[in-house]
Amino acid sequence: MTFMDDMSMATEPRDIWVVAELGADGQASPLSLEIVGGARMMADGLGCYVHAVVMGTGLGDVAPQLIAAGADRVHVADDPALEHSDARCKVLGDLLAAQPPEVLLFSASRLAEDVAPRLAQRFNTGLLAHCTSLQMDEIERMLIGTHPVFNGEYYELAACPSARPAIATIEPNTFGPPYPDSYRIGETETVAMDLSGFESRVQVSGPVEYVPPEVPLRKAKRIVAAGRQAGDFESVKQLAEALGAHVAGAREAMDEGWIAEEQVVGATGETVQPDLYVAVGIRGDTYHAFGIRDAKFVVAIHPEKDAPLVKTADAALVGDPPKILTELIEALKS
Amino acid sequence: MDFEFSPEHVALRKMLREFAEEEVRPLAKTIDREHRVPWETLKKAAKIGLLGVPFPQKYGGMGAGETGYCIAMEEIGRVCTSTITNIGAHIGIAAMAIYLDGTEAQKQKYLVPLASGEKIGAFGLTEPNAGSDAAAIRTRAVREGDSYILDGSKIYITNGPIAGICSVLAVTDPTLGARGGVTAFIIETEWEGFKIGSQENKMGIRGSSTSELIFDNLRVPQENVLGKVGLGFVTFMKTLDYGRASLGAGCLGGAEAALEAAMQWAKARNQFGTYIAAKQSIQWMVADIACEVEALRSLIYRTAWLIDSSRPFSREAAMCKLYGSEVASRAINKALQIHGALGYSSDFHIERGWRDARIAEIFEGTNEIQRIVIASDLFQQIGVRIRS
Amino acid sequence: MRVVVAIKQVLDPTGFTVNRRAEKVFVNREEHIINPADRCALEVALQIKDAVGAEVVVLCGGPERANDALRYAWAMGADQGIHLTDKLFAGADGLVAAKLLAAAIRKLGDVELALTGDRALDTGAGEVGPRLAEALGWPHILAARTVEINNGAVRVIASVGHQFFAMQAQRPAVVIVAAGANKPRYAHGGRIMTSYREWKPEVWSASDLGLTEADVKVAIEKRGQAFPPERQPGTILSSADELVGMLKRQRIIS
């Protein structure tokens, strides 16, 4: 077997294909609609069509949504076997081998993590993963994607000059919300497939109980910390839970009896370097600030707009902390 | 002349830096507060060979030589003086004595469990009447058949409470004094007649345990004579020589930590409209610490090279200990000043570093003794004999 | 039982700082580390070795300095280390990396399990594991937290979203290990010494792997860097919704 597994293409690669997914509500996911909208704009610039593929079960309502978002043709593959990554790779791979795309777009989802690289290898092509920005160079007909590196310290731009399809997985908020146009006309096609006798090579069961190794505070990626003005420590804990964050505090939170000494953040406590630090009711003097000098994004929630931490935070909400926390927990749920 | 470390030493340093940050640093405050030895750390250290760094692999050590040992002392010393004192006493003097003058059988029986960290070692030299005047020891070892009976006590012995094996110096012939009358022994702390006294309450290195060793009719088989009968003083002084370079390396680590901390605070602390790093007084203090650290570093690793290439090194090792301990004290003192009131807080690491640093000028041969060693060696080269 | 671990050497992030205003990366100290997720994969392999006595072979591509990564992997306990290097491999992307690894695994023969980390710090793509599985024609399991050998299969607890699932596949298979799945062991200092003084990795070039220049043509080319927006200290927002929007836009939460 050589690596130049010649995909003797039935036709020249053309059109932009989007692998659409369903949200928890059984409708097309917002990210999928966003990507179809982005594909529409790219296709208009290139002068080609937009195809959407959706796989799974209970796909009845989805095609019209995808067409309204900008798809010219929606390929529906309806089969319970399609919950398995093996089946998805096979169906999608066969479909795209018969109608090779110029560009293939995925949501940056678990499905994409499983399927996109395997398809990219099968088609001997490139993958632009976790794109936060995507451009089509219309003259060179080349896809250029921007993706974060080193956990978002900075970004790299990468291009797929000649391999086809150029495959990309896309993060939310890359294209902006689509303009659904219910008057758009498009076709819906059922994907022909033969999954009888299909057996997935991976068997999945669960969910199961598993407790991952504990992450110490100094390595926590997200921290919610309480200060004297936090008011209500319960809501601080709830916010931490909503964010999947560690609970910590300034020294005064320990004096209030809310946290243990190991949870104190500051010069005389722990130095932390989280991606997100939410300081609730912490005025933020030098000694506390010293403990969070390496935090990537600091949010201050405090009643005083002149509090030192409010002046240095990346984002601040001024007001009554318990009230703000209630709103924040609510906003995070949606 | 090549000032680069060999790639294996670079890789070793990287691993030890990670170990120091992940395993040693998180416990530094706690063991000082709770006045306890970090057993959990010592067990982990044993697993990576950190309790036998310089010793050949055939004796269960790492085979990293004196250079590797200084690197280890520097990296761990940078993070916790108590932990490095536990390790340094264990490797640098207790096990080192057996490595230098032990028979092959003694090395197999005692050096291997020490180097692999199965047992912890202590070095029993100092007595209430015999500090700098080590020749004034009184612990008596009387020959009885094929053993010696030890009676007496040692004081201020690091690792005393946790040791399984001790290298001990005792008087075998009171008429001969230090030359010919003193013998070194290897003893096992489980033996009948060995006891430890209560733990010393110290200003610093409170994560390191120090106590009296008490020998009451302790029977030691003659196979456990370390080196030659009557020449124990030579063995012990030689061992202390070797221990000095690595002690200096531990001080280097401490001084580096003080410098790093001072700079971080100078960057973070704002007064009079800007960070204090912009103030000349702070800049000069930082520059002064940095010069001394740089000079100390060169001294330490050149001395390690002298030892590893079997060249004479006594004078340089004494300089490592003398200069290292004083550089570390000056560095932590300046760092404390730069931190202002925060430096005085017992919840912040500078205060602990300041208390921990002080002992280095005293133990392992006071700095006064080091100066005598250095001067003697220098004058000897122009024909003047100072040491008796 | 032979287990292969594919590791990658990446730039040590503690050695550089990013200046958003100047839009530049300043490398203060150029050092390299084994990609953290790959270290977790190596730890998984070594735990399997401890449990059932497997032979662990580590593969690493890259320039001369990849030697250091292989030596450390050997010092941690791997049995064999192979450096895949050739001037034809320069600039290799995920497509080519998977081809190299697949060729090496085929050349080794009798490999039952291939492990690698879920993401490389310096690309963040997470593609090589599944690509490798496709190139070998093997099944793959993503985001593994624990991996056990069970008769002819491999049993994994993997994360999907915030939950954990039990997954199983017959060997040979590729298992992709999540970063942070375990705490990798330290290499014994003595073995670190020996890894430089007495051991060295094997070196396989393009011809050893039976690959031609056409086989290793890359599909992706780097085109530059971009930077997050400068920090705006003291930005006061007016509502919790605005904050959530900002956090999502800046990709701090999803």
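This report walks through how three chains meet in a predicted model, and how one sheet and one set of domains are built.

## Before we start

Residues are numbered from 1 along each chain as its sequence is written, while chains are lettered from A and ligands numbered from 1 in the order in which they are written. Because the model is predicted, local features need pLDDT of at least 70 and side-chain atom pairs count only at pLDDT 80 or more, whereas totals for chains, interfaces and linings use all residues.

## Where chain A meets chain C

Let's begin with chains A and C: 69 residues of chain A are in contact with 66 residues of chain C (in contact means that the C-beta atoms, placed from the backbone, lie within 7 Å). On the chain A side, helix 4 of chain A gives the largest share, eight residues. Helices (H or I, at least four residues) and strands (E, at least two) are DSSP runs, numbered from the N terminus. By class, this side of chain A has 40 nonpolar, 14 polar and 15 charged residues. Here Ala, Val, Leu, Ile, Met, Phe, Trp, Tyr, Cys and Pro count as nonpolar, Asp, Glu, Lys and Arg as charged, and the others, Gly among them, as polar.

Strands pair across these chains too: strand 16 of chain A and strand 15 (residues 236–237) of chain C run parallel, over two bridges. Two strands count as paired if DSSP finds at least two bridges between them. L317(A) has L237(C) as its bridge partner in strand 15 of chain C.

## A sheet with two edges

Which strands stand at the edges of the open sheet of 10 strands? They are strand 11 of chain A and strand 13 (202–204) of chain C, each with a single partner strand, so one side of each is left without a neighbour in the sheet. The pairing in this sheet is mixed.

At the strand 13 edge, three bridges join strand 7 (residues 80–84) of chain C to strand 13 of chain C in parallel. There, H83(C) stands opposite V203(C).

## Where chain C meets chain B

In this interface, 12 residues of chain C are in contact with 14 residues of chain B. Helix 5 of chain C gives the most to the chain C side, with six residues.

## Inside chain B

Chain B is divided into domain 1 (7–120), domain 2 (122–230) and domain 3 (234–380), with bounds from an automatic or database domain assignment. The centres of domain 1 and domain 3 of chain B, taken over C-alpha atoms, are 20 Å apart. Between them, 24 residues of domain 1 of chain B are in contact with 27 residues of domain 3 of chain B.

Notes: Two residues are in contact if their C-beta atoms, placed from the backbone, lie within 7 Å.
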